[in-house]
Amino acid sequence: MTTVPSTEFGEHIVVRRFVTLGKLIRDRIPKIAEESDGTKLFVRRAVNRNEFQLALADKLVEEAAEAHAEAGRVTGEWSTQKLECEIADLEAVIEVMVAAFGLSRSRINSVRDERAEKRGRFALRLIWEPQEE
């Protein structure tokens, strides 16, 4: 694994040199890795639509897990900035997924609003605690 310094907030991006199943990465990551420490990443530039959609779904889970981890660490300004970055990454993946799956942002917003109307939002901060019988 290679740790690549990032310019935002001094954080580091961890990049694996060999990933068996592949991992969707941002367009500039190979160049950043090479400029940082000479690491050459083996990348496949063109994948078919189905592979791209599956890679996006995996990336969504990855970014959600990173946002989840940062949310558990929020204790001050530094960690708040890192959480903002993770949420921004999550939103970026969602934006690309909408396009890749041929979805409509306005339709997604309508569905979200319909679900909120029927099921509620999260404003009351309710936590379900299952009880054993």
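A residue counts as buried when its relative accessible area is under 20%, as exposed when that area is over 50%, and as partly exposed in between. Keep that handy while you work through this predicted model.

**Exercise 1. Getting your bearings**

Work out how many helices and strands the protein has, and in what order they run.

*Solution.* Start with the count: there are 4 helices and 2 strands. Next, walk along the chain from the N terminus, and the elements come up as β-β-α-α-α-α. Now turn to burial: of the 133 residues in the protein, 20% are buried. Finally, look at contacts between residues with a separation of 6 or more: 49% of these involve residues 24 or more positions apart.

**Exercise 2. Buried or exposed?**

Sort Glu70, Arg73 and Gln53 by their relative accessible areas.

*Solution.* Take Glu70 to begin with. Its relative accessible area is 7%, which is under 20%, so Glu70 is buried. Arg73 comes out at 47%, so Arg73 is partly exposed. These two residues are also partners: Glu70 and Arg73 form a salt bridge, with their closest N and O atoms 2.7 Å apart.

That leaves Gln53, a residue of helix α2. With 11% relative accessibility, Gln53 is buried. What does Gln53 touch once its neighbours within four places in sequence are left aside? Gln53 is in contact with Ala100 and Phe101.

**Exercise 3. Salt bridges across the chain**

Find which parts of the chain are linked by the Lys23 and Glu62 pair, and then do the like for Asp89 and Arg26.

*Solution.* Begin with the idea behind it: side chains of opposite charge can pair when their charged atoms come close. A search of the whole structure turns up 9 salt bridges.

In one of them, Lys23 pairs with Glu62, and the closest N and O atoms are 3.3 Å apart. Lys23 sits in the loop between β2 (12-15) and α1 (29-37), while Glu62 belongs to helix α2 (residues 49-71), so this pair links distant parts of the chain, 39 residues apart. As for accessibility, Lys23 is partly exposed at 39%.

Then there's Asp89 with Arg26, a salt bridge of 2.8 Å from N to O. Here Asp89 is in helix α3 (residues 77-100) and Arg26 is in the loop between β2 and α1, again a link between distant parts of the chain, 63 residues apart. Arg26 is partly exposed, with a relative accessible area of 49%.

**Exercise 4. Checking a helix**

Check whether the end-to-end distance of α4 agrees or disagrees with its 15 residues.

*Solution.* First, multiply 1.5 Å by one less than the number of residues. For the 15 residues of α4, that gives an expected span of 21 Å. Then compare this with the model: the end C-alpha atoms of α4 are 21 Å apart, so the two agree.

Before you leave α4, look on either side. In the loop between α3 and α4 you'll find Leu103, which is partly exposed at 49% relative accessibility. Not counting residues up to four places away in sequence, Leu103 touches Val98 and Ile108. Following α4 is Gly120, whose phi is positive, near 95 degrees.

**Exercise 5. A backbone angle and a pocket**

Say what is notable about the phi of Arg125, and describe the second largest pocket.

*Solution.* Recall the background: most residues other than glycine have a negative phi. Arg125 has a positive one, near 55 degrees. Arg125 is found in the segment after α4 (105-119). Its relative accessibility is 75%, which is over 50%, so Arg125 is exposed.

Arg125 also helps line the second largest pocket, where other lining residues include Arg112, Gly120, Phe122 and Leu126. How big is this pocket in volume? The second largest pocket has about 270 Å³. Its lining residues divide into 5 nonpolar, 1 polar and 5 charged.

Conventions. Residues numbered from 1 in each chain as written. Predicted model: local features only at pLDDT ≥ 70, side-chain atom pairs only at ≥ 80, totals over all residues. Heavy atoms only, no water. Buried < 20%, exposed > 50% of the residue type's maximum accessible area, 1.4 Å probe, protein only. Salt bridge = Lys/Arg side-chain N within 4 Å of Asp/Glu carboxyl O. Contact = heavy atoms within 4.5 Å. 1 Å grid on protein atoms, 1.4 Å probe; cavity = no way out; pocket = protein on both sides within 12 Å on 5 of 7 lines; lining within 4 Å. Points joined across faces, edges and corners; volume = space filled by probe spheres on them. Nonpolar A, V, L, I, M, F, W, Y, C, P; charged D, E, K, R; others polar.
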